Amino acid sequence: HPEVFDRLYEDWTTIEGFQRTRGVLKLMAKVIHRLWKSGNKDYLILPGSLPLADGPTRNEFTAYLPAGWDPVIERDVDGERAETTELESAEPRFGQVEAARRVARTLFLGSAPSSVAGQPGNRGLDTARVLLGCLQPGQSAATFTDALHRLGDRLHYLNITGDRGSDSARYWFDTRANLRREMEDRKRRFDQGTDVLSAEREAVRQTLKGNTLFGGVHVFTEHADIPDDATLRLVVLPPERWYAKAEPRLAEECVLETLRSNGAKPRHRANRLLFLAADTGVSGRLHDAARTMLAWQSIVDDIRDGKLNVDQHQKKAADVELEKARQVLPRTARECYRWLLCPAQHTPTDPRIELEALQLATSGGAMGAELERVCLEHELVVPTWSPVHLKARLGELYWKADRPAVPALSFWEDSLRYLYLPRLKDRDVFASAVAAGARTRDFFGIAYGDRDGKFEGFELGATNVSVDDTLLLIEPAAAAAYAQRQAELAAAAAAANSSTAPGLTATVSGTATATADLTSSGAPVAPAARVYREYLGTAKIAPASAKMQLVQLADELIALLASDPTAQVSVALEIRAEFPNGASEKMVRDVRENASHLKVGGAGWE
């Protein structure tokens with residue numbers, strides 16, 4: 001075949017000592033003799049026909065090449081123990097036409113001289129040139145193309161330039177093992193429980209960057225290290241705790257254990273956790289992608305440190321492969337972690353926890369945005385809450401005939417604990433629902449204490465609500481009845497305290513009264529206008545609601561008095577505390593220090 005002579009005259013004659021005429025004739029004589037003795041039936045002697053397994057023929061080729069080519073031929077090109085022979089034995093469609101050996105022989109003939117000539121820019125053969133050296137009439141080009149691609153993954157000394165599998169890729173043999181095979185060998189060195197898991201953890205964290213829904217993200221974290229607090233948290237299960245609809249056991253066991261335990265202690269706020277699990281069909285790919293990235297990283301590190309001897313082309317190729325592996329690993333992690341697991345109980349009497357599994361879209365936007373979309377669409381997390389739902393929950397579970405008022409924070413704390421209550425995004429969502437409900441008379445009344453049946457700081461239709469540990473939410477009917485009783489008591493007290501002087505009385509501004517004297521003729525005389533020069537008021541403050549009452553006094557009374565620029569307003573606060581059993585030493589010391597810091601005059605203990 002002309003391709004044989006083209007390669008010999010154009011490539012092999014560039015090797016010093018290889019004679020253009022005598023060398024070619026001597027080499028071809030050995031080739032023809034061996035093919036004739038073996039009964040070769042090829043139509044023409046092709047590059048793929050060269051009997052490199054034959055010792056004399058192989059020696060004739062390697063005599064002009066530097067040391068190191070014998071193991072290349074024996075292991076990767078031709079012979080009983082060569083990878084090509086094993087591949088043809090495993091794949092009958094290759095064995096029928098000796099596809100693997102023919103491809104390897106063609107590559108050897110076309111690329112071996114470049115290791116001597118030192119022209120790396122022109123090294124190797126493209127796919128079309130390889131097929132030209134192998135293919136005979138009646139044979140399928142696809143068979144040889146497949147064999148070429150398979151050899152690219154298997155052979156130790158075969159190197160590839162360009163995109164693997166494309167027609168522009170170039171293939172060549174070298175006495176140095178190719179970096180891809182080196183990478184495949186190194187992949188097996190890394191420990192799954194340490195090196196690989198660490199790389200996978202970092203890849204998952206990278207995919208979850210930009211998350212705004214969860215206050216904490218815990219990737220492959222033991223339950224002892226996941227805080228038991230009010231923060232909404234996403235727990236990413238390790239890959240070996242994968243989830244499948246047909247076999248959810250591994251993931252379920254891990255989820256239930258985390259919900260029950262916080263290390264050696266029981267977990268109290270289980271309703272703050274959601275879980276992300278790997279898909280069993282993709283977890284293997286994630287492990288492989290992590291090992292590939294680690295292998296390329298180790299190769300690049302060894303090249304930089306001088307532990308691996310490669311040329312500039314291979315160095316650049318290693319850098320490119322490492323960058324590709326770094327990009328592939330997060331994408332694979334994104335595809336792998338596709339199951340969002342939400343523990344739930346529908347009623348307080350449910351005997352067991354159910355695990356609701358929702359599948360995430362693995363393409364498109366970032367993982368954080370996809371998680372937020374699924375959580376909000378399925379109401380797994382509530383970012384805004386209507387007071388209608390709060391009133392319904394309070395009426396269903398909290399308000400009773402003998403207990404019409406409940407502490408507001410009791411509901412918030414219970415929502416952190418129990419899976420049948422809504423999973424609010426944070427405390428601000430609850431506070432906003434309380435504030436919105438308190439502004440009307442339809443949902444509940446509020447108070448800041450309950451002493452002897454009297455609600456301290458009671459309001460129905462409040463405009464300013466402080467959601468703290470003293471706030472009470474009062475059932476609306478009970479609040480309306482209490483407001484009515486308070487209005488009646490206030491009216492009765494006003495009537496009892498009003499006094500009427502002799503003479504004619506007239507109502508001023510609806511509440512104030514004035515006395516008019518009569519003239520001798522009986523006509524009323526307008527009273528002289530009274531001048532008020534001083535106001536003195538005393539208010540009793542309940543300790544439980546002192547903060548709110550003092551704010552109300554400052555806003556609604558003191559500020560009003562001070563609005564007159566000529567007024568001289570002073571405010572004094574008297575604090576009296578009695579301890580029937582005596583105050584503790586710590587109490588006495590702390591009060592003295594705080595009083596001194598706040599400049600409280602006349603303060604002292606008796």
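E379 is located in the loop that joins α16 to α17 (387–397). The structure examined here is a predicted model, and this residue is a convenient place to enter it. The phi angle of E379 is near 55 degrees, a positive value in a residue other than glycine. Most residues other than glycine have a negative phi. E379 is also exposed, because its relative accessible area is 65% and the cut-off for exposed is over 50%.

F220 offers a useful companion case. This residue lies in the loop between β4 (216–219) and β5, and although F220 is not a glycine, its phi is positive, at about 55 degrees. Is F220 buried or exposed? Its relative accessibility is 9%, so F220 counts as buried; the limit for that class is under 20%.

A third loop residue is A169, found between β2 (158–161) and β3 (170–173). A169 is buried, as its relative accessible area is 0%. Which residues surround it? Apart from neighbours within four places in sequence, A169 is in contact with L125, D126, T127, I160, T161 and D163. One of these contacts, T127, is 42 residues away from A169 along the chain, yet the C-alpha atoms of the two are separated by 7.1 Å.

The discussion now turns to the interior. The largest nonpolar core has 49 residues, and those with the most contacts inside it are L234, V236, Y337 and L340. Several helices and strands each supply at least two residues of this core, including α11 (179–187), α12 (192–207), β5 (233–236), β8 (273–278) and β9 (337–344). Which element provides the largest share? It is α14, with 11 residues. The surroundings of L234 can be listed in detail: leaving out residues up to four places away in sequence, L234 touches L208, F214, G216, V217, H218, L274, F275, L276, L340 and L371. Apart from this core lies another, of 43 residues, among them W12, F94, A104 and L158.

Aromatic rings form a further theme. A pair of aromatic rings is described by the distance of the centres and the angle of the planes. The structure holds 17 aromatic pairs. In one of them, the rings of F61 and F108 have centres 5.9 Å apart and planes at 75 degrees, so the pair is edge-to-face; planes over 60 degrees apart fall in that class. The pair links distant parts of the chain, since F61 belongs to helix α3 (residues 55–62) and F108 to helix α7 (residues 99–111), 47 residues apart. Both F61 and F108 are buried. F108 also pairs with W69: the centres of these rings are 5.7 Å apart and the planes stand at 70 degrees, so this pair too is edge-to-face. W69, in helix α4 (residues 69–77), is 39 residues from F108 in helix α7, and W69 is buried as well. Together, W12, F18, F61, Y64, W69 and F108 form one aromatic cluster.

The final topic is the space left between the atoms. Rolling a probe the size of a water molecule over the atoms shows where empty space is left. The largest pocket has a volume of about 1400 Å³. It is lined by 34 residues, of which G537, T538, A539, V571 and A572 lie nearest its centre. What classes of residue make up this lining? There are 22 nonpolar, six polar and six charged residues in the lining of the largest pocket.

Notes
Residues numbered from 1 in each chain as written. Predicted model: local features only at pLDDT ≥ 70, side-chain atom pairs only at ≥ 80, totals over all residues. Heavy atoms only, no water. Helix = DSSP H or I, 4+ residues; strand = E, 2+ residues; numbered from the N terminus. Buried < 20%, exposed > 50% of the residue type's maximum accessible area, 1.4 Å probe, protein only. Contact = heavy atoms within 4.5 Å. Core = buried A, V, L, I, M, F, W, Y, C linked by side-chain atoms within 4.5 Å. 1 Å grid on protein atoms, 1.4 Å probe; cavity = no way out; pocket = protein on both sides within 12 Å on 5 of 7 lines; lining within 4 Å. Points joined across faces, edges and corners; volume = space filled by probe spheres on them. Nonpolar A, V, L, I, M, F, W, Y, C, P; charged D, E, K, R; others polar. Phe/Tyr/Trp six-rings, centres within 6.5 Å; stacked < 30°, edge-to-face > 60°.
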